[in-house]
Amino acid sequence: MRWRPTWSFARGAMSDPTMKPASTTIPAIKKLFRLQWEEVQQKHVLLYPEGMVQLNQSAGEILKRCDGVRSVQEITTDLETAFNHKGLEPEVLSFLEIAHGQGWVEYR
Amino acid sequence: MDKAGLNTADQGASSVVIRPPLWLLAELTYKCPLHCVYCSNPLDYASAGKELSTAEWVRVLQEGRAMGSAQLGFSGGEPLMRDDLIELATEGRKLGYYSNLITSGIGLTEAKIKALKDAGLDHIQVSFQDSTKELNDFLGSTKTFELKQKVAHLVKAYDYPMVLNVVIHRLNIDHIEKILELAQSIGVDYLELANSQFYGWAFLNRDHLIPTRAQLTAAEAAVQRFRERIGDKMRVYFVVPDYHASRPKACMNGWGAVFVTITPDGTVLPCHEAKMLPGIRFPNVREHSLKTIWHDSDAFNRYRGNSWMKDPCKTCPDKEKDFGGCRCQAYLLTGDATNTDPVCELAPHHYTVEDAVANAEREQPKITRPLVFRLDQNSKEFCKPSA
């Protein structure tokens, strides 16, 4: 048995050919990942085999809503209501582009 | 209670910010059906104390989680040799860990795979020693190849994410294309080609295991071709062979920074090799809480931050990047853990690595001893008489 964890935190997730999301896109977190709130770190993290992605607040709030049911438009509306802040769609779209490129989300 | 290993005052490391141990490695047992020539367990594992009980492990898992540990590894030895693994996996899930089983696959029956899934185990990493039956079985000194194949397919059938781990070295590196094919045929999510690092049993067998530069170059090219062919279906990690690097690895992301290992008898280490370092009394979870050990013990503060460094590390702009490399490697190759890791081309002892690499380039490398397998009778030879 052997264990080489030095690279675990450094390694990125899978890269995907970048696809541009749209208002009607329905994003879902890929099965390989588990999103969870970490009390000690005070942030959302994506957990995957032997690794962890530490997310900032907006990334966490967006990913939390990527349930494979709601569209980008519905996610945006929900965020705008929750944070009382209009015009969030461009931010949601640009984050999803990154998240998809990193292989964290897939489009349904 | 022996307080000798603990700092009562905030000496030395007081200026260093202590972050949570995000990664907790639970080495449940040193028992193992395999006898790999590069095993990372200590040479004297046979002298370890009594294994922690289920209740003691549960307490450790609770304490770790409260401190912010998020990744949990069940390792060993072979963790499946513990009959409470399902209970511990259940506890791990309940506490909110992402739990990883690091296994040889031996003992992983279909019933166990299912029970572990129901318990909430997140991921299984299966190790192979080689892509061929002959070499796989030789390196581990057991007949396990066919069984491992069966297990690997079952892990996928039960929908676990799967990492296939193969330790790469002189004896199997020429099979890298076959290893890639094996991983593809199983349908693994990640393939970790872990170039052997030279500690413990691998250090003992180093002359047999260091590849030539030509072997490494060919292997890297094969991995690159495979990546281009397969795209994003599988992620292949080619762990840097540090003897062939010019700068040291950022070992454990720093001493006592993110990683904590608990050995089968409850000894707590900043990495799974550190027990070899002399003059450090590593604390035990039977004596202190994990929190006290992580924050206050001399062992965990010894090489935190960079106040312990000597030159060339002390004045090096990369000291925050690589933390001076690996303390265990510095000790193994120079006899002093505070020296710069000799992998670094700036290290005064860099010649020790260069000599070993040069030896590997010879047509017939000089061999200090025949291959030593990780066997209880061999380990007993390394057990020092207890004081």
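**Exercise 1. Decide how far to trust chain B.**
Start with the average: the mean pLDDT of chain B is 92. Next, the spread: 95% of the residues of chain B reach 70 or more. The model is predicted, and the predictor gives the complex an ipTM of 0.86 and a pTM of 0.90. Now find the weak stretch. Over residues 1-14 of chain B, pLDDT stays under 50. The model has 19 contacts beyond four places in sequence for residues 1-14 of chain B. How should they be read? Where pLDDT is low, the predicted coordinates should not be read in detail.

**Exercise 2. Lay out chain A.**
Count the elements: chain A has three helices and five strands. Then order them from the N terminus on: β-β-β-β-α-α-α-β. Turn to burial. Of the 108 residues of chain A, 56% count as buried. Look at the surface: chain A exposes about 5000 Å², and carbon and sulfur atoms supply 53% of it. Finish with the contacts. Take those in chain A between residues at least 6 apart in sequence; 55% of them join residues at least 24 apart.

**Exercise 3. Check the length of helix α3 of chain A, then find what covers it.**
Helix α3 of chain A covers residues 89-101, which makes 13 residues. The expected span is 1.5 Å times one less than the number of residues. That gives 18 Å for α3. The end C-alpha atoms of α3 are 18 Å apart, so the two values agree.
Now list the buried residues of α3(A): V92(A), L93(A), F95(A), L96(A), A99(A), H100(A) and G101(A). An α-helix has 3.6 residues a turn, so residues three or four places apart point the same way. The cover over the buried residues of α3(A) includes β1 (27-29), α1, α2 and β5 (105-107) of chain A. Last, look just after α3(A): G103(A) takes a positive phi of about 85 degrees.

**Exercise 4. Place S71(A), and say whether S71(A) is buried or exposed.**
First, the location: S71(A) is in the loop between α1 (57-64) and α2 (72-83) of chain A. Buried means under 20% relative accessible area. S71(A) has 11%, so S71(A) is buried. Then leave aside neighbours within four places in sequence. S71(A) is in contact with S23(A), T24(A), T25(A) and I26(A).

**Exercise 5. Do the same for N195(B), and find a partner for its side chain.**
N195(B) is in strand β6 of chain B, residues 190-195. Its relative accessible area is 1%, so N195(B) is buried. A polar atom of the N195(B) side chain lies 2.7 Å from the backbone oxygen of V239(B).

Note on methods: Residues numbered from 1 in each chain as written. Chains lettered and ligands numbered in written order. Predicted model: local features only at pLDDT ≥ 70, side-chain atom pairs only at ≥ 80, totals over all residues. Heavy atoms only, no water. Helix = DSSP H or I, 4+ residues; strand = E, 2+ residues; numbered from the N terminus. Buried < 20%, exposed > 50% of the residue type's maximum accessible area, 1.4 Å probe, protein only. Contact = heavy atoms within 4.5 Å. Areas by Shrake-Rupley, 256 points an atom, 1.4 Å probe, with all protein chains shown as cover. Polar contact = N/O pair within 3.5 Å; in protein donor to acceptor, adjacent residues only side chain to side chain. pLDDT = per-residue confidence, 0-100.
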